[in-house]
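The following exercises are meant to be worked through with the sequence and the coordinates open side by side. Try each task before reading the solution beneath it.

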Amino acid sequence: MVNLIASHTVKPARPISTKVMYLSECDQCKPLTHATTVHFYKPENPELLKDATRVLKDSLSEALAAFYPLAGRLYQKDGGRVELRCNSMGALLLEAQSELKIEDFGDFCPTPQIRALIPPIDYNNTPLHEVPLLLVQITKFACGGVSLGSAVSHVIVDGQSGCHFVAEWAKIARGEKSDDQPYLDRTILQQYEECPSSIAPKLQYPDFYPLPVLIGQSSSLEERKKATTCAMFQLSKEQIEQLKNNVNNHHDLVHKTSNHPPFSRFVAVSAHIWKCLSKARMHSPDQETVLYVTVDFRSRLKPPLPGRYFGNAVLPVPARAIAGDLQSRPPSYASSKIKEAIDKVTDEYVRSYLVCMKDMPEVSSSRHFHTVGCAQGLFFGNPNLLITSWVGLDVYKVNFGWGEAISMTPGSLGYDGRLFLIPGPNGDGSLIIPLRLQVEHINAFKKYFYEDI
């Protein structure tokens, strides 16, 4: 289906002196696996793609000179931690061809067919220090279109940093000057990780990672084993407005005031998903359930991090509820829980989190993994879920000289309850929601998701 034509190791265009780069506690607790995405392009003039691989290769080499941590390698240390050596070993660029057309991918749901558009990584049989931190694959289709599939180490970047890198790489590929340089000094986070002994952090590990299991079960082991599948959901701008109106009107009725700032579309849609998923999973009324929201804390620290800080500055924040309350109370109840969780991410909260992680002798158990069926690390599946929003990121404006992307999707979703909110490709205010659920829950969720708007 996808045939590999060539493989290139791409090193920074200019010599970089080898050094060990500091990794923050926020980097250390991220998955050792890679975050994957696929962008699809259909240029009006196929001639634009004639030199595509060479252009990608040359511009990537130039981009890696500025973003050189991505050309390094990770090495294992004690306590599950890792060391980043900026040694210019380079990124991997694959060139591939497929007899498929872009339209054969339908709604671009992250299936194994989509995963084949990203370089494969054998985590089980490859030593960590041999795995590139950035792997990219250009696949040319029979219709004249292409895809660009990428896998980037989550220890090195979060969504914002990853988008910054790709935007600058694309700029170079178009022949423009890359002038938006990354802020590479991660030691800036050390000041937040140092806690004077006189000021004990107010929050402990269980505050950051409450992970209830199903009533009657002692661990998540049984839920991890269950078969899962991916599906793609869409909400139009009108449906989103309806959900927002539902939660805001209910909130005003309950509190007899409209002075509060209205709930955002992210909060309204996340609350709807949480409620429908709890229903589809047939939770007992007493079941505790936690919705984790990925929150960027760059601007929440005092002083804030530089806007172009290159590294991880996100953490999963828990909103907790009882299933019976989610089902019986108005939509504003779940929305309030989510908003409260996001609002508590203050300077003090982030500092407590970083100190807590630093004090952990072993961090492996605090990681989750992007690989389907993995039995290691944290499990955010039934009765819980984890939502990441890409709504604020320019996910389609990645133009390598072939025009903007016509679609983009995560390359895979690692576990039950994992989902993304992605803006629709037409800039029409719609949302695309890829998610992975247990096979036994997917149809019920589909039904409630659209019926209950």
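**Exercise 1.** How many bridges join strand β10 (residues 288-296) to β11, and in which sense do the two strands run?

Solution. Bear in mind throughout that the model is a predicted one. Strand β10 is joined to β11 by nine bridges, and the two strands run antiparallel. Within this pairing, the residue that stands opposite L291 is A319 in β11. Moving outward to the whole sheet, six strands form an open arrangement with mixed pairing, in the order β9-β15-β14-β12-β10-β11. Its edges are β9 (228-235) and β11 (314-322), each of which pairs on one side only, and neighbouring strands are turned against each other by 20° on average when direction is ignored. Finally, helix α11 (residues 331-343) lies across β10 and β11, and its direction makes an angle of about 145° with β11.

**Exercise 2.** Determine how helix α2 (residues 52-66) packs against helix α4 (residues 159-173), and describe the residues that make the contact.

Solution. Begin with the geometry: the axes of α2 and α4 are 8 Å apart and the helices pack at an angle of about 125°. Because this angle lies between the perpendicular range, which ends at 115 degrees, and the roughly antiparallel range, which begins over 145, α2 is oblique to α4. The crossing in which α2 passes α4 is right-handed. On the α2 side the contact is made by V55, L56, S59, L60, E62, A63 and L64, and on the α4 side by F165, W169, I172 and A173. Sorted by character, these residues comprise nine nonpolar, one polar and one charged.

**Exercise 3.** Is S24 buried or exposed, and which residues beyond its neighbours in sequence does S24 contact?

Solution. First locate S24, which lies in the loop between β2 (19-21) and α1 (25-28). Its relative accessibility is 0%, and because buried means under 20%, S24 counts as buried. Once neighbours within four places in sequence are left aside, S24 is in contact with L189, E193, Y309 and N312. By way of a distance check, the C-alpha atoms of S24 and F108, which are 84 residues apart along the chain, are separated by 34 Å.

**Exercise 4.** Identify the residues that stand opposite T37 in β8 and in β13.

Solution. Strand β3 (residues 34-41) pairs with strand β8 (residues 146-153) in the antiparallel sense over eight bridges, and in β8 the bridge partner of T37 is S150. Strand β3 also pairs with strand β13 (residues 407-410), again in the antiparallel sense, over four bridges, where T37 stands opposite P410. As for its surroundings, β3 is mostly covered, with seven of its eight residues buried.

Note on methods: Residues numbered from 1 in each chain as written. Predicted model: local features only at pLDDT ≥ 70, side-chain atom pairs only at ≥ 80, totals over all residues. Heavy atoms only, no water. Axes fitted to C-alpha atoms, helices over the stretch in contact; angles between N-to-C directions. Parallel < 35°, antiparallel > 145°, perpendicular 65-115°, else oblique. Left-handed = near helix turned anticlockwise from the far one by under 90°. Contact = heavy atoms within 4.5 Å. Nonpolar A, V, L, I, M, F, W, Y, C, P; charged D, E, K, R; others polar. Pairing = 2+ DSSP bridges. Buried < 20%, exposed > 50% of the residue type's maximum accessible area, 1.4 Å probe, protein only.
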